[in-house]
Structure formats: structure tokens, C-alpha cells
Amino acid sequence: MTFKDILLEENVGGFDLVFRALIGSVAMIALAMDLIETSPWNWLVAIVALAGFFTAMTRHCTPYHYLGINTAKK
């Protein structure tokens, strides 16, 4: 299996997909409303928001691939 095949494989779905999108949205809202005050926490929440949105949009999680987890319906 090539690297491109791994990145294009959908392995996130159902509740997991909604949960990732929700966590990404909450993190983005917290950043936009300036609810997190210290600088290191801002970066951590930004990474969580980006990862949540990215994995929800692409429906792919690389750690899931290596762990053999697949929550997407086939």
C-alpha cells in the first residue's frame, strides 16, 4: 500500500466524525472569543481545532490506520 493510498483511505465515520467536528468547533470558538488567555494553551487549542476539522473533513485519521481502527461504514 502506498502513502497516497493510506492518506486517501476513509477510516473515520459515524459518532467519531461528529465528535471530531464538534471538538474542532468548540476549540475554534474558544479561540475566537479569547477564552484561553495564556500563549502556550492558545497554540495547543489551535492544534486541536485544526486536527479536529482536518480529520472530520478528510474522514481520515493516520493513527487509526496504524492501529487498525476503522469507524467508517463500508
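**Exercise 1. Is asparagine 70 buried, partly exposed or exposed?** Describe its surroundings as well.

*Solution.* The model is predicted, so local features need a pLDDT of at least 70, side-chain atom pairs count only at pLDDT 80 or more, and totals for chains, interfaces and linings use all residues. Residues are numbered from 1 along each chain as its sequence is written, and side-chain values use heavy atoms, with hydrogens and water left out.

Step 1. Take the cut-offs: buried means under 20% relative accessible area, exposed means over 50%, and partly exposed lies in between (1.4 Å probe, protein chains only).

Step 2. Asparagine 70 has a relative accessibility of 32%, and therefore counts as partly exposed.

Step 3. Locate the residue. Asparagine 70 belongs to the segment after α4 (62-67). Helices (H or I, at least four residues) and strands (E, at least two) are DSSP runs, numbered from the N terminus.

Step 4. List its partners. Contact means heavy atoms within 4.5 Å. Not counting residues up to four places away in sequence, asparagine 70 touches Glu10 and Asn11. Asparagine 70 is also 6.3 Å from valine 12, C-alpha to C-alpha, although 58 residues separate the two in sequence.

Step 5. Look for a polar contact, which is a pair of N or O atoms within 3.5 Å; within protein, one must be able to donate a hydrogen and the other to accept it, and residues adjacent in sequence count only if both atoms are side-chain atoms. The side chain of asparagine 70 reaches the backbone nitrogen of alanine 72 at 3.0 Å.

**Exercise 2. Give an overview of the fold and of the confidence in the model.**

*Solution.* Step 1. Count the elements: the protein has four helices and zero strands. Their order from the N terminus is α-α-α-α.

Step 2. Consider the extent. The C-alpha atoms fill a box of roughly 45 × 25 × 15 Å, taken along the principal axes. Of the 74 residues, 27% are buried.

Step 3. Consider the contacts between residues at least 6 apart in sequence: 81% of these join residues at least 24 apart.

Step 4. Turn to pLDDT, the predictor's confidence in each residue, from 0 to 100. The average for the protein is 90, and 100% of the residues score at least 70. Among the elements, helix α1 (residues 3-8) has the lowest mean pLDDT (78), while α2 has the highest (94).

**Exercise 3. How do helices α2 and α3 cross, and which residues meet?**

*Solution.* Step 1. Two packed helices are described by the angle between their axes and the distance between the axes. Axes are lines fitted to C-alpha atoms, for helices over the stretch in contact, and angles run from 0 to 180 degrees between N-to-C directions.

Step 2. The axes of α2 (residues 15-32) and α3 come within 8 Å and cross at roughly 145°.

Step 3. The crossing of α2 and α3 is left-handed; this term applies if the near helix is turned anticlockwise from the far one by less than a right angle, and right-handed applies if clockwise.

Step 4. On the α2 side, the residues that meet α3 include Leu17, Arg20, Ala21 and Leu31. Those of α3 include Asn42, Gly52, Phe53 and Thr55.

Step 5. By class, this contact of α2 with α3 has 12 nonpolar, five polar and one charged residues. Here Ala, Val, Leu, Ile, Met, Phe, Trp, Tyr, Cys and Pro count as nonpolar, Asp, Glu, Lys and Arg as charged, and the others, Gly among them, as polar.

**Exercise 4. Describe threonine 55 and arginine 20 within this pairing.**

*Solution.* Step 1. Threonine 55 is in helix α3 (residues 39-58), and its relative accessible area of 11% makes it buried.

Step 2. A polar atom of its side chain lies 3.3 Å from the backbone oxygen of glycine 52. Apart from residues up to four places away in sequence, threonine 55 touches Leu17, Arg20 and His60.

Step 3. Arginine 20 is placed in helix α2 and is buried, at a relative accessible area of 15%. Leaving aside neighbours within four places in sequence, the contacts of arginine 20 include Val12, Thr55, Cys61 and Tyr64.

**Exercise 5. Where are aspartate 34 and arginine 59 found, and what is the phi of each?**

*Solution.* Step 1. Most residues other than glycine have a negative phi.

Step 2. Aspartate 34, in the loop between α2 and α3, has a positive phi of about 55° although it is not a glycine. Its relative accessibility of 53% counts as exposed.

Step 3. Arginine 59, in the loop between α3 and α4, has a positive phi near 55°. With a relative accessible area of 29%, arginine 59 is partly exposed.
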